[in-house]
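Trainee: I'm new to this structure and would like to know how its labels are earned. Could we go through them one at a time?

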Amino acid sequence: MLKSYFKTAWRHIIRSKGYSLLNILGLATGMAVALLIGLWVYNQYSYDKFLPDYQQLYRVQRNFNSNGDTLTFPTTSLKLADVLRNQVPEIEYVAESDWMGSHGLMVENKKFYMKGAQVGGDFLKMFQYPLLQGNANTVLKDTYSIVLTQSTSKALFGNENTIGKMVRFDNKNDLKVTGILEDLPANSSFQFNFLVPFSYYEQTEAWVKQARTENFGWNDFQQFVQLKPGTSYAQVAHKIKDIEKTEQENTNAMNSEVILQPLQNWHLYSKYENGKETGGFIIYVRMFSIIGALVLVIACINFINLTTARSEKRAKEVGVRKAIGSERKDLIFQFLTESFLLTFIAFLFAIVIVQLALSPFNTLTGTRIRIPFSSPVFWTVMTGSVLITTLIAGSRPAFHLSSFNPVKVLKGNLQVGKAASLPRKILVVIQFSCSIALIISTMVIYRQIQYAKDRPTGYNIDRLLMTDLNSDLVHQYTAIKNELIQKGIAESVTAASSLATGIGWHSDIGNWPGKKAGETVEMGTIQIAEDYFKTLGISMKSGRDFSSHADTANVIFNETAIKRLRLEQPIDQTITWQDHPYRIVGVVKDALMLSPFEPAEPTMFLYHPSYENFLLYRLSPDINTQEAIIKLTDVFNKYNPAFPYTYQFADQSYAAKFDLEVLIGKLAGIFAGLAIFISCLGLSGLAAYIAEQRTKEIGIRKVLGASVSQVWLLLSKDFLVLVIISCFVASPVALYFLQDWLHKYSYRITIGPGVFIVAAVMALIITLLTISFQAIKAAIANPVKSLRTE
């Protein structure tokens, strides 16, 4: 019997090639989109879950009460690390770390500048990345040791056995290779080329060693903890919450609460409000999960509409089957078998489509997704998905067709009528409502991105370059600056503790005029050399710039910082920072150094030319960029021979702040286009079917004098009405969700009626183009041929 069902189903598919092709193409596209999004969503949820005991791993964070606003920071003090290690027995391991910047690695004539970290001795016991060589218990024990990833080892030593070999680190010390890590997977929150013991950091940097013995206010480091097996965060939360408040004289500590964030939440939940996880990338993961489901539903609607619309074609088949004894359940099973066969064929095409699309999709999203063909779980999920899609797409046609009365059918009295077409029209409205909502979303996302891009930055990022400063470059800073200017390569050079497009450090203002009891203010802190504001093109609002080493006891604030401190006449006022008095000598206009979607960060600038992390220099207008890079390479190789010359353009760094929104916009646009494509496939099939059903009517109308345009309008108007209804349904729904999305941006657009009008016009044009082919084809047909049987 089952074989008979499949034979009959296959014959029907072959007999209706055109409609079968539309069904398969629509379903295959919808399933491909759903599968691609599903693989991407799975990848996002899989971050760090390949690590053993990931459920017990946490990052130590602090909630800081800033005048009633709770700010959450991922950095804490070394003193806190020691306190957690010694006073909380539920914690098994604690690892200190510092992830700032890149470092120079040199072996003979091979020089690289790579990202790495200084980590505590328990780090690899906690984060059990596969060690190809070495032991996690001992690789970070020796102060002058280094652990390399496999690709870094190969870059430095080729295929040699690297254990025990020496690597020159930052041109300061030789470190012995004690371990080789397997390259980190793409779904790891940590991405690094090497690890150095934190004890080396303390040994070579006096300020780090000092930070170990300082108070809880020196919050410059990231700490990680692993709870003992069977211990939950709830069991330790109350113990660590107020652990810093033993320092009653420390305002920062008294306003801080210690919290833990689970490792499994790092990637998806990066946004905090009032000290609680409120979202992050999880918003987009959920959004695209919904889009994937909607696109698949749109494809299923195509199947339902095309099958039920052609019900009259199969009415006599149903009547005959029932007359010779077939029960309704047999017919339902027959039609579901046809649905399954079409869905299965569509699934095979979907696998091919996804396989072909993965490479460009991975390039676009920066992922390394692949179809896990060898995974039993994958095939189990796919089997379930095919069966569910079969039921969604095939259940209504199966129950609808099997319900026909055999007597009426065989007498030719079956009337489909308006009542039968109403569900089909409702499904078309749902289908196009989803597609139009996606079009509206895409346009709003692009408008929001462009709105932020057009926002004045407050400084000039054009032809501004940034280079990491190492100890060799710091010593040669003045010579490099002079040579770059004298040779006409750069028009201005400076140095700072942060990139021009970022703020690497936040700190507390201890005291200021008008401070209220218990009030705290934490703001961005940038230590700079001379010509900083000149090089970046930041304008002074009042007061003066730093001019000499006598300014080391002075400070400059931006406008937002002055408002935060409520200083009406700030010039010559005195504030206290790190227990030292500083005189305000200037106020600069705000510059967008962090998010272009948020207000400017309150920032203080200190003149500290010996504390520099980055060299900032603006190219001379008289030299082209390519020539400048060649000359810059020569200059830096002259003064910094142990390191390769590396640089980044400030405009590219600033543009990278839009990467997430641009990616979301592109993906939304692609999936909106595919949703429209699938909808149009169904619309084209329905238009062809209706034109076929009304062939004789059209012939009579033409004989009576109807023009081509009148026939075209006759066949098109019903579809246009449905699309107009879809526009009215989609607009408020899209508006509701988009306003909620925009709310997370402080600097955002307002959604006016224009975007809905444009989306509606686009939908109508696409609809007309889709159905016009079938309508015009029917309108220009020879009426003699359609009426000859009469």
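Trainee: What makes helix 17 roughly antiparallel to helix 20?

Mentor: In this predicted model, the axes of helix 17 (residues 477-486) and helix 20 (residues 625-639) cross at roughly 155° and come within 11 Å. Angles over 145 degrees count as roughly antiparallel, so helix 17 is roughly antiparallel to helix 20. Their crossing is right-handed.

Trainee: Which residues of helix 17 and helix 20 make the contact?

Mentor: From helix 17 come Ala479, Ile480, Glu483 and Leu484, and from helix 20 come Leu632, Val635, Phe636, Lys638 and Tyr639.

Trainee: How do you know how many residues of that contact are nonpolar and how many are charged?

Mentor: Go by residue type: Ala, Val, Leu, Ile, Phe and Tyr are among those that count as nonpolar, while Glu and Lys are among the charged ones. The contact of helix 17 with helix 20 therefore divides into seven nonpolar, no polar and two charged residues.

Trainee: Now for another pair. Why is helix 3 called oblique to helix 7?

Mentor: Helix 3 (residues 78-87) and helix 7 (residues 206-213) have axes 6 Å apart and pack at an angle of about 45°. An angle under 35 degrees would count as roughly parallel, and one from 65 to 115 as roughly perpendicular. About 45° fits neither range, so helix 3 is oblique to helix 7. The crossing of helix 3 and helix 7 is right-handed.

Trainee: Which residues meet there, and how do they divide by type?

Mentor: Leu78, Lys79, Asp82 and Arg85 in helix 3 meet Val208, Ala211 and Arg212 in helix 7. These divide into three nonpolar, no polar and four charged. Asp82, Arg85 and Arg212 also belong to a network of salt bridges, linked with Glu96 and Glu202.

Trainee: What makes the pairing of lysine 125 and aspartate 122 a salt bridge?

Mentor: The cut-off is a side-chain nitrogen of Lys or Arg within 4 Å of a carboxyl oxygen of Asp or Glu. The side chains of lysine 125 and aspartate 122 meet at 3.1 Å, N to O, so the pair qualifies as a salt bridge.

Trainee: How do you know whether each of these partners is buried or partly exposed?

Mentor: Buried means under 20% relative accessible area, and exposed means over 50%. Aspartate 122 has 18% and therefore counts as buried. Lysine 125 has 22%, so this residue is partly exposed.

Trainee: Why is glutamate 160 called partly exposed?

Mentor: Glutamate 160 has a relative accessibility of 47%. Partly exposed runs between the buried and exposed cut-offs of 20% and 50%, so glutamate 160 counts as partly exposed. Its salt-bridge partner is lysine 165, at 3.4 Å, N to O. Lysine 165 is at 29%, so that residue counts as partly exposed too.

Trainee: And what makes aspartate 174 and arginine 168 a salt bridge?

Mentor: Their closest N and O atoms are 3.4 Å apart, and the cut-off is 4 Å, so the pair counts as a salt bridge. Aspartate 174, at 40%, is partly exposed, and arginine 168, at 26%, also counts as partly exposed.

Trainee: How many salt bridges does the whole structure hold?

Mentor: A search of the whole structure finds 23. As for the protein chain, 26 helices and 25 strands are present, and buried residues make up 51% of its 790 residues.

How values were computed: Residues numbered from 1 in each chain as written. Predicted model: local features only at pLDDT ≥ 70, side-chain atom pairs only at ≥ 80, totals over all residues. Heavy atoms only, no water. Buried < 20%, exposed > 50% of the residue type's maximum accessible area, 1.4 Å probe, protein only. Axes fitted to C-alpha atoms, helices over the stretch in contact; angles between N-to-C directions. Helix = DSSP H or I, 4+ residues; strand = E, 2+ residues; numbered from the N terminus. Left-handed = near helix turned anticlockwise from the far one by under 90°. Contact = heavy atoms within 4.5 Å.
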